[in-house]
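Ready for some practice at reading a protein model? Have a look at the sequence and the 3D view, then work through the exercises below.

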Amino acid sequence: MWDEVLDILRRHNRFVITTHSNPDLDALGCELALDEHLRTIGKQVCILNSDPTARLHRFVDPQRRIRVYQPRRHDRLIEGADVLIVLDASGGWKRLGRIGDTLSRMHPYSVRIDHHPDPQSFTDVEVVDDSAAATAELIFELLRAAAGKITEAMARALYVAILTDTGSFRYPKTSPRTHRITAELIELGANPADLARLAYNQYSLNLLRLQGHMLDLMQSDAGGRLVWSALDQNTLRAYGVREAELDNFASLGMQVAGVLVSVLCVETPDGRVKVSLRSDASLPVNDLAAEWGGGGHASAAGATVSGALHQVTDMVLARVKALLDSHTAPPQHPASGEP
Ligand SMILES: [Mn+2]
């Protein structure tokens with residue numbers, strides 16, 4: 001599976017690595033581990049992302065290897081690169097944010113490594129395995145195939161990528177392969193307690209308070225199979241929290257017994273609506289997200305939709321309820337005890 005990619009890494013010298021907009025810890029961990037590997041074997045590497053690393057994710061990049069893409073500063077560098085490597089991104093160049101516009105024009109020779117189920121290919125060489133719980137599993141296997149050294153820093157980056165992309169080993173794609181890889185990463189120096197603390201226990205009190213506010217607003221619908229909430233910019237501003245910090249909010253609704261889909265709609269600063277969908281994997285929500293120009297996994301997907309918050313929320317709820325009705329029968333007795 002890795003022969004072609006290894007050959008490309010061997011034959012070329014200058015690499016640019018990038019990933020999807022608003023990169024999560026899987027995206028960042030993969031970039032950093034591959035960056036270190038390539039530098040170790042004597043290559044020139046630059047990691048360029050459209051968006052800055054979220055404050056809560058910066059611990060994974062202590063050497064500040066990741067650069068925020070700026071056209072004036074970096075377009076020459078991209079032109080001079082032999083190979084562009086796209087990690088953890090599906091759905092075409094637009095998924096990469098601003099750098100995607102440039103890349104779709106320049107068409108550099110490109111390799112993509114990803115675990116999203118999107119069938120659309122947009123790079124020259126693609127290794128896509130949607131059975132992997134995280135792209136970090138694939139990067140680990142690439143590094144093993146390369147017989148490269150996996151340092152403690154690389155092991156930490158890959159471990160935290162898998163930890164977060166599997167929702168702490170709870171999401172459906174968590175597999176024996178996932179646990180075998182993480183077992184090796186622990187042996188290589190990744191400390192689970194330390195990394196879980198860094199990944200999860202760094203929130204501001206205001207963020208937790210906003211979470212409480214969102215839970216207070218959360219509504220149950222479709223006989224208890226759906227929960228949803230909507231947050232506007234005024235609320236976010238009142239709590240001093242940015243939309244990008246709400247990463248785990250959508251999945252909280254899945255903790256309610258009987259819930260099959262959890263929806264969170266958040267107004268963005270530019271007046272659109274970021275829609276986050278979570279489901280138990282029996283009900284794929286990524287097709288819905290794709291209809292709205294987004295994407296993701298069967299059980300975790302999202303899209304940014306134009307329109308007013310309440311309009312988009314109504315539209316999303318109607319579509320989700322239709323999906324629920326087409327996939328599952330409503331319960332005989334609606335859940336009791338609801339307000
Ligand atoms: Mn991922």
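Helices and strands here are DSSP runs, at least four residues for a helix and at least two for a strand, numbered from the N terminus. Keep in mind that this is a predicted model.

**Exercise 1. Find where H12 sits, and decide whether H12 is buried, exposed or partly exposed.**

Step 1. Start with the neighbouring elements: helix 1 covers 3–11 and strand 1 covers 14–19, and H12 is in the loop between them.

Step 2. Now count neighbours. H12 has 16 C-beta neighbours inside 10 Å. Buried takes 20 or more, and exposed takes 12 or fewer. H12 therefore counts as partly exposed.

Step 3. Look for partners far along the chain. Leaving out residues up to four places away in sequence, H12 touches D82 and V83. As for A81, it is 69 residues from H12 in sequence, yet their C-alpha atoms are 9.1 Å apart in space.

**Exercise 2. Work out how helix 2 and helix 5 run relative to each other.**

Step 1. Two packed helices are described by the angle between their axes and the distance between the axes.

Step 2. Get those values. Helix 2 is residues 25–40 and helix 5 is residues 135–145; their axes come within 9 Å and cross at roughly 15 degrees.

Step 3. Angles under 35 degrees count as roughly parallel, so helix 2 and helix 5 are roughly parallel to each other. Their crossing is left-handed.

Step 4. See who makes the contact. Helix 2 brings D26, G29, C30, A33, L34 and H37, while helix 5 brings T135, A136, I139 and L143. By class, that contact has six nonpolar, three polar and one charged residue.

Step 5. Check burial in helix 5: its buried residues include T135, A136 and I139. Just past the end of helix 5, A147 has a positive phi of about 55 degrees.

**Exercise 3. Do the same for helix 2 and helix 6.**

Step 1. Helix 6 is residues 152–165, and helix 2 packs with it at an angle of about 160 degrees, axes 8 Å apart.

Step 2. Anything over 145 degrees counts as roughly antiparallel, so helix 2 is roughly antiparallel to helix 6. The crossing is left-handed.

Step 3. On the helix 2 side, the contact includes L25, L32 and E36; on the helix 6 side, M154, A157 and T164 are among the residues involved. The whole contact has ten nonpolar, two polar and three charged residues.

Technical notes: Residues are numbered from 1 along each chain as its sequence is written. This is a predicted model: local features need pLDDT of at least 70, side-chain atom pairs count only at pLDDT 80 or more; totals for chains, interfaces and linings use all residues. Two residues are in contact if their C-beta atoms, placed from the backbone, lie within 7 Å. Axes are lines fitted to C-alpha atoms, for helices over the stretch in contact, and angles run from 0 to 180 degrees between N-to-C directions. Angles under 35 degrees count as roughly parallel, over 145 as roughly antiparallel, 65 to 115 as roughly perpendicular and the rest as oblique. A crossing is left-handed if the near helix is turned anticlockwise from the far one by less than a right angle, and right-handed if clockwise. Ala, Val, Leu, Ile, Met, Phe, Trp, Tyr, Cys and Pro count as nonpolar, Asp, Glu, Lys and Arg as charged, and the others, Gly among them, as polar.
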